[in-house]
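Got your viewer open? Let's walk through this one stop by stop, selecting residues as we go.

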Amino acid sequence: MGKTSDLTAVQKTIIDTLHKEGKTQKVIAKEAGCSQSSVSKHINRQAKGRKKCGRKKCTSSRDNRTLQRIVTTNPFKNVGEIHKEWTAAGVSASRTTTRRLMKDMGFRCRIPCVKPLLNMKQRKKRLAWAKDKKDWTDAEWSKVMFSDESKFCISFGNQGPRVWRKSGEAQNPRCMRSSVKFPPSVMVWGAMSSAGVGPLCFLRSRVNAAVYQEVLEHFMLPAADQLYGDADFTFQQDLAPAHSAKTTSTWFKDHGILVLDWPANSPDLNPIENLWGIVKRRMQYARPNNAEELKTTIRATWALITPEQCHRLIESMPRRITAVIEAKGAPTKY
């Protein structure tokens with residue numbers, strides 16, 4: 001007895017006829033002269049074209065379009081709010097159906113990316129800066145010491161509201177929330193170059209020009225000695241008031257340190273931001289009980305940053321600049 005594919009046209013006709021008459025597969029196999037499994041496979045193959053069974057859908061295509069419009073209009077609403085607005089439009093569906101249809105449409109509940117809010121003037125300055133630096137080589141960027149402050153919290157669980165978005169929409173302005181500056185709990189200053197990282201400074205008070213100059217004196221200069229030795233370097237800093245103060249500019253001139261011009265609200269151009277992200281991800285399961293334990297954890301995690309990681313981040317500068325030019329000064333994925 002042959003396989004299903006070996007059945008002749010006559011055998012298939014016999015099987016179909018006897019099956020319609022309600023004969024059992026055993027009887028059909030005997031009459032057709034083939035195995036019972038061949039009969040079963042042929043019958044199942046013929047039945048694949050039948051209509052699907054199951055409960056009829058409770059929503060129409062128009063209802064689904066209404067749901068998609070609600071989610072797209074305000075992606076920061078939770079499922080309960082979306083379901084309430086959808087049913088208020090006259091749709092009869094459960095909350096479970098709402099969530100399932102949103103998933104079928106490709107929406108996933110994700111933590112929104114945080115990007116700085118840029119006005120048109122700032123975008124133009126970022127674009128001009130990027131065009132000016134687009135021809136810099138890796139060797140030139142390796143002479144830059146990047147610096148920044150970052151806030152660390154004892155708990156990393158409070159990440160704010162989530163957003164409903166589809167794959168590939170992480171950088172869509174509609175699915176992002178703007179970041180704003182706020183008073184720190186534990187604020188840390190750090191510096192890096194392609195050679196590695198410098199010592200950390202934990203800031204105890206609000207940073208004004210005087211406090212910042214003490215940080216430069218006691219932490220930036222030692223970091224420069226550690227990372228560059230006697231070689232020349234350029235220092236990078238953002239445009240925070242303490243950084244751009246006249247007394248701070250005088251401090252740099254007195255110490256003979258060249259400061260890199262930097263566009264406002266541009267953390268995506270600063271590779272040290274990625275280092276802060278690495279440290280925080282490694283600390284996400286740490287549960288310090290107080291500020292001192294938190295500082296100890298930060299120091300230990302910062303010490304694990306390798307020169308190779310820093311070098312790879314510095315090598316990303318040409319790509320960051322290209323991304324800014326392509327985005328015409330808007331925030332980028334970095």
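Start by selecting Trp141 in this predicted model. Leaving out residues up to four places away in sequence, Trp141 touches Trp129, Lys133, Trp136, Phe146, Leu260, Ile314, Met317, Pro318 and Ile321. Show those side chains as sticks and keep them on screen.

Now widen the selection. Trp141 belongs to the largest nonpolar core, a set of 31 residues. Within this core, Trp141, Met192 and Leu275 touch the most other members. Which elements give two or more residues to the core? Colour these: helices H7 (120-133), H12 (272-282), H13 (291-302), H14 (307-315) and H15 (317-326), plus strands S3 (144-152) and S6 (186-193). H12 makes the largest contribution to this core, with five residues.

There's a second core to find, lying apart from that one. It has 20 residues, including Leu216, Ala224, Trp251 and Phe252. Keep those last two selected, as they lead to the next stop.

Zoom in on helix H11, residues 246-254. Its buried residues are Thr248, Trp251 and Phe252. How are they arranged around the helix? Look down the axis of H11: the buried residues fall within an arc of 95°, so they line one face. As a rule, residues three or four places apart on an α-helix point the same way, because there are 3.6 residues a turn.

What do the buried residues of H11 pack against? Select helix H9 (209-228), strand S9 (234-235), helix H10 (241-244) and strand S10 (258-259) to see these partners. Then spin H11 round to the face turned away from its buried side, where the exposed residues Lys246, Lys253 and Asp254 sit. Just past the end of H11, click on Gly256, which has a positive phi of about 65°.

Next, the cysteines. How many disulfides does the structure hold? Zero. Try Cys310: it is in no disulfide, and the nearest cysteine sulfur, that of Cys201, is 18 Å away. Cys310 is also buried, with a relative accessible area of 0%. Cys175 is buried too, again with a relative accessible area of 0%.

Last stop: select residues 65-133. An unreviewed UniProt entry annotates this stretch as "domain: Transposase Tc1-like". The span is 62% helix and 9% strand, and its end C-alpha atoms lie 46 Å apart.

Technical notes. Residues are numbered from 1 along each chain as its sequence is written. This is a predicted model: local features need pLDDT of at least 70, side-chain atom pairs count only at pLDDT 80 or more; totals for chains, interfaces and linings use all residues. Side-chain values use heavy atoms; hydrogens and water are left out. A nonpolar core is a set of buried Ala, Val, Leu, Ile, Met, Phe, Trp, Tyr and Cys residues joined through side-chain atoms within 4.5 Å. Buried means under 20% relative accessible area, exposed over 50%, partly exposed in between (1.4 Å probe, protein chains only). Helices (H or I, at least four residues) and strands (E, at least two) are DSSP runs, numbered from the N terminus. Contact means heavy atoms within 4.5 Å. A disulfide is a pair of cysteine sulfur atoms within 2.5 Å. UniProt positions are given in the numbering used here, feature names are shortened, and annotations may be inferred rather than shown by experiment. The arc is that of the directions from the helix axis to the C-beta atoms.
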